[in-house]
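Please open the model in a viewer and keep the sequence panel visible. The tour below proceeds by selection, one stop after another.

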Amino acid sequence: MPDMTLYCMPRACSRVTMTALEAIGLPYERQVINIFTQQQKTPEYLAIHPGGKVPALSVDGEVLTENASILLYLHQTYPEGQLLPESANAVQAAQKVSELVWCGGTLHPIIRQVRMPIRFTDGDPSGVREKGVEMLTAVLERIAPRLASQDWWFGDRWSIVDVYFAWCCMVAQSGGFPLDKYPAVLGHRERLFGIESFARAVEKDEAAIAEHGIEFPG
């Protein structure tokens, strides 16, 4: 087994990678990076991840960054974890990967506009947030019927895309987005708590908050 260290922040998007590691059953060390005390900007962490973000996954001393890249590596290296559904051909496999990349490259930035619009401007962030809410509303209007007609993103079995999508929705809701307008999306998130790997990741996140005395801003 490779020597793995996950650099993570409780309740951040690193929870998605942690769920993947739990699903595969890989042993790994967790290194908490408290972004609220600017630990991600220390020279020690920038030597690991020059972008100063979480997650980062060290595999035998080689570092992977960006959730989609890490998750694709884990899926391809440990297919028994079934992070993405099996595909009949390369085109179908790429289509499933594109859903994962969409979560990281399109949906995630929209969520940041809703939750932390000040990061996108030096001026009044209200317009940034309004645009983020508009874009997220369009996404959920498209996705909610899908989740009303099937339990999971790809059908009858959960995948890591479900985890990433649910995390994005959770963050948006914490930023004041009215998710209660989309009961199918809320139901999807509740179903995830019945997935053991996801439940373990949440439990470890919450334990880390207490262990490290992490205080979240209002």
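The stops that follow move from the sheet to the helices and then to individual residues.

**Conventions**

This is a predicted model, in which local features need pLDDT of at least 70 and side-chain atom pairs count only at pLDDT 80 or more, while totals for chains, interfaces and linings use all residues. Residues are numbered from 1 along each chain as its sequence is written, and side-chain values use heavy atoms, with hydrogens and water left out.

**Stop 1: the sheet**

Select strands S1 (residues 4–8) and S2 (residues 29–32), which run parallel and are joined by four bridges. Helices (H or I, at least four residues) and strands (E, at least two) are DSSP runs, numbered from the N terminus; two strands pair if DSSP finds at least two bridges between them. To find the register, pick Thr5, whose bridge partner in S2 is Glu29.

Add helix H1 (residues 14–24) to the selection. Together, S1, H1 and S2 make a right-handed β-α-β unit. Right-handed here means that, with the strands pointing away from the viewer, the path from the first strand over the helix to the second runs clockwise.

Next, select strand S3 (residues 56–59) and S4, which pair in the antiparallel sense over four bridges. Val59 has Glu62 in S4 as its bridge partner. With these strands displayed, the whole sheet can be read: four strands form an open sheet of mixed pairing, in the order S2-S1-S3-S4. Which strands stand at the edges? They are S2 and S4 (62–65), and because each has a single partner strand, one side of each is left without a neighbour in the sheet. Direction ignored, neighbouring strands of this sheet are turned by 20 degrees against each other on average. Axes are lines fitted to C-alpha atoms, for helices over the stretch in contact, and angles run from 0 to 180 degrees between N-to-C directions.

**Stop 2: helix H3 and its partner H4**

Select H3, which lies across S1, S3 and S4 and runs at about 120 degrees to S4. Now add H4: the two helices pack at an angle of about 150 degrees, with their axes 9 Å apart. Show side chains for Ala68, Leu71 and Leu72 in H3, which meet Val97, Leu100 and Val101 in H4. By class, this contact of H3 with H4 has six nonpolar, no polar and no charged residues. In this classification, Ala, Val, Leu, Ile, Met, Phe, Trp, Tyr, Cys and Pro count as nonpolar, Asp, Glu, Lys and Arg as charged, and the others, Gly among them, as polar.

Within H3, centre on Asn67. This residue is buried, with a relative accessible area of 3%; buried means under 20% relative accessible area, exposed over 50%, and partly exposed in between (1.4 Å probe, protein chains only). Not counting residues up to four places away in sequence, Asn67 touches Cys13, Ser14, Val16, Thr17, Pro55 and Tyr164, where contact means heavy atoms within 4.5 Å.

**Stop 3: a cis peptide bond**

From Asn67, step to its contact Pro55, in the loop between helix H2 (43–46) and S3. The peptide bond from Val54 to Pro55 is cis, with omega near 0 degrees.

**Stop 4: helix H6**

Select residues 160–174, which form H6. The helix has 15 residues and reaches 21 Å from its first C-alpha to its last, close to the 21 Å expected at 1.5 Å a residue; the expected span is 1.5 Å times one less than the number of residues. Is H6 mostly covered or mostly uncovered? It is mostly covered, with 12 of its 15 residues buried, among them Tyr164, Phe165 and Trp167. The covering elements include H1, H3 (67–77), H4 (90–115), H5 (126–149), H7 (183–192) and H8 (196–212). After H6 comes Gly176, whose phi is positive, near 95 degrees.

**Stop 5: two loop residues and Ile214**

Select Arg11, in the loop between S1 and H1. Although not a glycine, Arg11 has a positive phi of about 75 degrees. Gln82, in the loop between H3 and H4, has a positive phi of about 50 degrees. Arg11 is partly exposed, with a relative accessible area of 36%, and Gln82 counts as partly exposed at 36%.

Finish at Ile214, in the segment after H8. Ile214 is buried, with a relative accessible area of 7%. Leaving aside neighbours within four places in sequence, its contacts include Met9, Pro10, Val32 and Phe36.
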